[in-house]
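Open the model in your viewer and keep the selection panel handy. We will begin at one helix crossing, move along to a neighbouring one, and then zoom out to the chains.

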Amino acid sequence: MNLRTVLRMIGRDWKGGELLLLVAALVIAVATVTSVGLLVDRLGQALIEESADFLAADRRITSSSPIPEVYQTEAQRLSLAVAETTSFVSMVHTPGSSQLVSVKAVSSGYPLRGALRIANAPFAEGRPANDLPAAGEVWLDGRLFPILGLSIGDQVEIGAAVFRVGRVVVSEPDRGGSMYDLGPRLLMNISDLPKTEVVQPGSRITYRLLLAGEQDDLEKLRIILNLDSSYRWESVRESSPTIGAALERAESFLLIGSLLAVVLASLSVALSASRYVRRHYDHVAIMKTLGAGPNQIIYMYSLLMIIVATFSIGVGLLLGGGLHLIITNFLKSVVVVTLPLPTMAPLFLGIVTGLVCALSFVLPPILDLRKISPTRVIQRDFPLAQRPRYVGYVWGLGCMLFLLVWYTDNLALAGWTLLGGSITIGFFSLLAKTLLKVGRVAGMQAGSSWRLALAGLQRRASESSFQIIVFGLAIMLLLVLYLLRTELLEQWQREMPSDAHNHYALNISPGQISGVTEMLAEETDEVGSFYPMIRGRVVGVNGVSVEQWESERGPTPEGGPRLSSERNLTHAEILPEGNIIVSGDWWAKGEEKLLVSLEEQYAKNEGLQVGDLLEFDVGGMSIFSEVANVRRLDWQSMRPNFFIIFSPSALKQLPTTFLTSFYLSPEKKKFLNDLLGQYRTITVIEVDSIIRQLQIIIDRVSLAIEVVLLMIIMAGIMALLASIQASKDSRIREHSLIRAVGGRTRLIRLALAIEFGVLGLFAGIVAAIGAELTVAMLQVNIFNLDASLHGWVWWFGPILGCLLILTMGLLATRSVVSSSPLGVLRDTN
Amino acid sequence: MPPEVVSPLTLALTTCQDNFCSVNFFRRSSTQPSSRWIPYAALILSPKTKIFEGSDPELFETGSKIESQNNKDFMNRVVLSAEKLTKVVPSNDGDIVILDGIDLEINAGESVAVVGASGSGKTTLLGLLASLDSPSRGKVFLAGEEITNMDEESRADLRGKHVGFVFQSFQLLSSLTALENVMLPGELKGESNPAEEAKFLLARVGLENRHNHYPKQLSGGEQQRVALARAFASKPTILFADEPTGNLDTVTGQKVIDRLFDLNEEFATTLVLVTHDDRLALRCDRIIELIAGRIV
């Protein structure tokens with residue numbers, strides 16, 4: 001048999017509609033994975049780019065020592081873009097005034113990611129800067145203008161150098177890099193730094209080398225440099241835990257979404273392939289009587305399937321690409337999204353998914369065809385010599401595991417997902433059979449349509465159970481995704497409410513607290529607590545110097561906080577909101593002992609535990625304090641958080657300033673001038689731009705999640721359709737018989753409606769149970785959220801199942817009612 | 001009027017056939033019919049039996065002497081035989097013997113009717129003889145080869161070369177048109193242009209205007225005629241027919257049977273016909289009756 005004959009066979013099967021569902025299922029499988037892949041790829045890249053703005057680079061090396069020249073040379077050798085920044089706190093002087101500012105000296109190329117926004121007047125709308133401060137020029141934070149009584153063009157003095165004020169700095173991408181990057185910003189050219197003479201041995205300076213380029217090259221550089229503990233390699237996840245967590249959750253969700261899309265699409269492919277092959281049993285038997293041998297049959301159908309799979313994969317790729325373009329176009333009209341070009345990976349993903357689906361779900365039933373006995377032509381009920389069922393299951397599970405491992409790059413996660421899925425199916429199977437039995441008993445008491453429908457369900461018990469499982473799984477997955485999406489968005493909303501504190505006021509002296517409180521109460525809606533704050537650092541642990549302790553411990557994990565770094569210290573009588581004690585006890589009120597509380601990760605990285613004795617240097621004074629407890633912090637909240645909290649008695653004798661946070665709406669921004677005008681020593685940190693940026697990221701992640709949900713729904717509907725089609729033939733035969741013996745069309749319609757309604761209802765019940773269990777598991781294990789029950793799922797699941805299956809079932813089986821009984825019965829014979 | 005029962009040997013000298021089977025085997029297509037007139041065995045009571053008028057006595061006395069002898073050899077050649085053929089199927093109540101030690105021989109060109117009540121094992125016997133199924137015990141020889149020890153691939157090959165089928169339920173492929181159904185054997189053999197022969201055969205069964213009709217668009221009789229055309233498309237040595245009129249009314253059934261015998265005669269095929277219709281059985285050379293899986 002030649003290719004032309006096989007092509008003719010495909011043409012005939014296509015015309016006869018035999019191949020339509022299989023092709024559609026494969027196309028949907030490929031299109032779903034491709035479009036989700038393309039979207040995830042582009043959104044992921046956009047998110048990384050967006051997130052990279054927080055660093056103004058893809059990675060950066062930070063140190064309190066100058067960055068060696070060789071680091072830059074190595075980076076450039078790897079074709080990475082580089083820029084340098086040097087930050088320190090200094091005083092800026094004008095003839096009549098002076099102010100503590102946070103100076104950042106930048107080299108050309110800064111920022112490598114994101115945009116520096118500038119304006120020509122304080123508090124004016126910013127625009128992206130195309131250049132950097134020229135030599136001899138500085139750009140100042142808008143707030144400095146009223147404080148120092150400056151205008152553009154005036155001169156300021158920093159150290160030994162005088163500079164002209166060129167522009168207003170509105171925002172810089174890496175401003176949020178450190179919450180305590182104190183003072184309003186002064187931006188200058190790095191070439192001017194020496195002439196200021198402020199950089200002296202012992203100065204507290206932060207040197208940064210910004211890096212941008214391909215991930216692989218960045219990773220290569222990291223390995224080549226093998227940084228010692230005095231240099232920190234930073235990526236966005238470490239430098240901004242909030243963004244990092246949002247990204248991780250989004251990735252997990254999108255990953256799970258893609259997996260579910262593949263599972264559903266594979267289910268459709270398996271069902272359609274099985275139906276296609278079943279419908280060809282007689283064809284094969286006839287062909288065998290005409291002289292076609294098993295090998296010829298396999299060759300013929302394999303060739304047919306290769307052509308069909310290739311065609312479907314091609315169409316799937318085109319459809320997936322088109323679909324993702326439509327969605328991105330839609331996104332453009334909703335939010336300003338600039339998506340980078342996709343990589344080839346999603347197309348490869350689509351092709352491999354199509355091939356694996358075809359191999360795992362189409363090939364096994366085709367191989368069964370070789371065993372079809374030609375005796376079927378004279379004895380229709382001749383038993384089928386099929387491979388043992390478990391072989392198919394094992395093969396299918398194996399292929400699915402391959403896809404899961406490939407997608408997740410995590411054998412354990414893939415294995416557990418598959419095991420969980422198999423257990424769920426087993427549980428669903430039991431539940432479905434029980435429900436069918438209960439339904440049959442109830443149906444016996446009912447009218448003829450009900451009896452007909454429920455008897456039909458019971459008669460096809462295994463088929464019906466299978467359909468309940470398929471419907472149940474599809475609805476469950478939809479519910480799971482919806483619940484997770486809602487859960488994630490709500491969680492983000494909780495963490496990032498629209499009135500989240502977006503400004504921090506520091507250096508508030510005890511005497512200023514009441515005045516500041518009054519001003520804030522008048523102009524702002526939300527004012528937080530006042531936290532005492534003092535700078536200090538750990539100098540010893542259990543009688544050992546901190547340097548020795550650190551060298552014994554080895555380098556801290558990438559980006560982890562270092563023990564010897566100077567930190568903001570506070571003291572508190574009661575455990576701050578959002579903090580949870582994980583070991584030890586919080587101290588009692590009025591505790592006189594010198595105790596300290598450490599943040600969990602900080603303690604873990606430094607090998608500290610309850611009972612350890614720490615020596616602190618606070619303003620030149622030594623304080624010995626015992627670790628009383630370890631706390632877990634919610635770093636994603638925008639509340640002030642501290643690594644180290646002392647018991648009140650520890651810092652009682654020391655002069656502290658206070659820190660507070662408040663929410664200021666954009667239109668009240670000028671209030672800052674009044675506040676800073678009245679209290680000149682106070683420093684205000686504006687994090688509103690960080691919050692805005694975070695909200696943009698969350699919006700994009702939410703959109704991505706919704707798009708994935710949409711694709712999953714399409715894959716789910718496809719699986720449902722395939723499942724309905726799979727049982728269509730037997731339904732057509734049965735109902736034709738009933739019509740032939742006088743059953744009215746109305747009776748058939750009603751019976752079908754009841755049958756699908758009941759199937760949907762049972763599937764909905766099964767789905768609700770499965771969804772609650774799955775979501776609870778995912779919440780706890782994957783998303784680090786608290787497990788919770790969702791009351792609405794218990795009524796919405798069954799109703800959704802009932803309506804969805806009823807509608808789709810009736811639409812898909814219109815031909816059951818419209819087929820001529822004579823034609824059907826003739827075909828059956 | 002010809003005698004009611006005639007010796008095949010006598011009839012070989014008195015009837016003619018324009019397509020001798022051995023010639024038929026070697027020619028490329030039925031569209032190039034042989035021009036040779038070969039004496040051939042008549043079919044008992046066949047209404048289509050052609051009586052040779054003997055206008056050219058020399059034909060038999062001189063030129064055809066050797067061919068007559070070949071034909072006799074051919075007629076005596078056993079093309080299908082069974083030895084101790086037994087089929088047992090397991091059931092919950094123990095083994096059920098469907099066929100019990102059947103021995104039979106069928107010569108080339110012979111037409112044999114297998115009759116018997118429902119459940120007597122007729123269809124099972126046909127399935128075993130036609131290499132569709134394997135026996136529990138015993139042997140089947142088809143076209144000189146023992147098929148019972150063959151693997152499925154070889155049996156399929158043998159079926160493709162030597163066997164044609166006509167079934168009660170037509171067994172046409174519903175997704176194929178009448179022409180495509182008849183082309184199928186040729187396609188499976190890898191013939192380059194099976195359409196030409198298929199069209200010829202469809203014309204022979206009177207369906208030249210139904211090439212592009214799907215089985216659903218054809219009547220039962222028409223479907224069975226398509227099945228007939230398809231059966232002869234593979235130029236079989238033996239044609240197995242399982243209740244070919246079982247799904248047809250009497251008049252249509254009669255017409256189909258006439259076509260079957262016409263083509264059988266034309267292609268000089270050995271016919272094994274399973275039927276419960278006595279009148280149909282009587283049109284065959286020999287009748288084998290089965291009762292409870294045994295020949296009586």
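**First stop: H7 and H9 of chain B**

Start by selecting H7(B) and H9(B), where H7(B) passes H9(B) in a right-handed crossing. Bear in mind as you look that this is a predicted model. To pick out the pair, select residues 178-189 of chain B for H7 and residues 220-233 of chain B for H9. Their axes lie 7 Å apart, and the packing angle is about 25 degrees. An angle under 35 degrees counts as roughly parallel, so H7(B) is roughly parallel to H9(B).

Now show side chains. On H7(B), the contact is made by B:Ala178, B:Asn181, B:Val182 and B:Pro185. Facing them from H9(B) are B:Val226, B:Ala229, B:Arg230 and B:Ala233. Colour these contact residues of H7(B) and H9(B) by class and you will find 6 nonpolar, 1 polar and 1 charged.

**Second stop: H8 against H9**

Keep H9(B) on screen and add helix H8, residues 194-204 of chain B. How far apart are the axes of H8(B) and H9(B), and at what angle do the helices pack? The axes are 9 Å apart and the angle is about 135 degrees. The two helices, H8(B) and H9(B), are therefore oblique to each other. Turn the view to follow the crossing: H8(B) passes H9(B) in a right-handed sense.

For the side chains here, select B:Glu197, B:Leu201 and B:Leu202 on H8(B). Their partners on H9(B) are B:Val226, B:Ala229, B:Phe232 and B:Ala233. By class, this contact of H8(B) with H9(B) has 6 nonpolar residues, no polar ones and 1 charged.

While H9(B) is still selected, look again at B:Val226, B:Ala229 and B:Ala233. These residues take part in the contact with H7(B) and also in the contact with H8(B).

**Third stop: all of chain B**

Zoom out and colour chain B by secondary structure: there are 11 helices and 12 strands. Colour by burial next, and 53% of the 296 residues of chain B count as buried. With the surface switched on, chain B exposes about 13,200 Å², with carbon and sulfur atoms supplying 50% of that area. Of its contacts between residues at least 6 apart in sequence, 72% join residues at least 24 apart.

**Last stop: chain A**

Finally, select chain A, which has 25 helices and 23 strands. Of the 829 residues in chain A, 56% count as buried. The accessible surface of chain A is about 35,000 Å², and 59% of it belongs to carbon and sulfur atoms. Among chain A contacts with a separation of 6 or more, residues 24 or more positions apart account for 81%.

Technical notes: Residues are numbered from 1 along each chain as its sequence is written. Chains are lettered from A and ligands numbered from 1 in the order in which they are written. This is a predicted model: local features need pLDDT of at least 70, side-chain atom pairs count only at pLDDT 80 or more; totals for chains, interfaces and linings use all residues. Side-chain values use heavy atoms; hydrogens and water are left out. Helices (H or I, at least four residues) and strands (E, at least two) are DSSP runs, numbered from the N terminus. Buried means under 20% relative accessible area, exposed over 50%, partly exposed in between (1.4 Å probe, protein chains only). Contact means heavy atoms within 4.5 Å. Accessible areas come from the Shrake-Rupley method with a 1.4 Å probe; for residues, only the protein chains shown count as cover. Axes are lines fitted to C-alpha atoms, for helices over the stretch in contact, and angles run from 0 to 180 degrees between N-to-C directions. Angles under 35 degrees count as roughly parallel, over 145 as roughly antiparallel, 65 to 115 as roughly perpendicular and the rest as oblique. A crossing is left-handed if the near helix is turned anticlockwise from the far one by less than a right angle, and right-handed if clockwise. Ala, Val, Leu, Ile, Met, Phe, Trp, Tyr, Cys and Pro count as nonpolar, Asp, Glu, Lys and Arg as charged, and the others, Gly among them, as polar.
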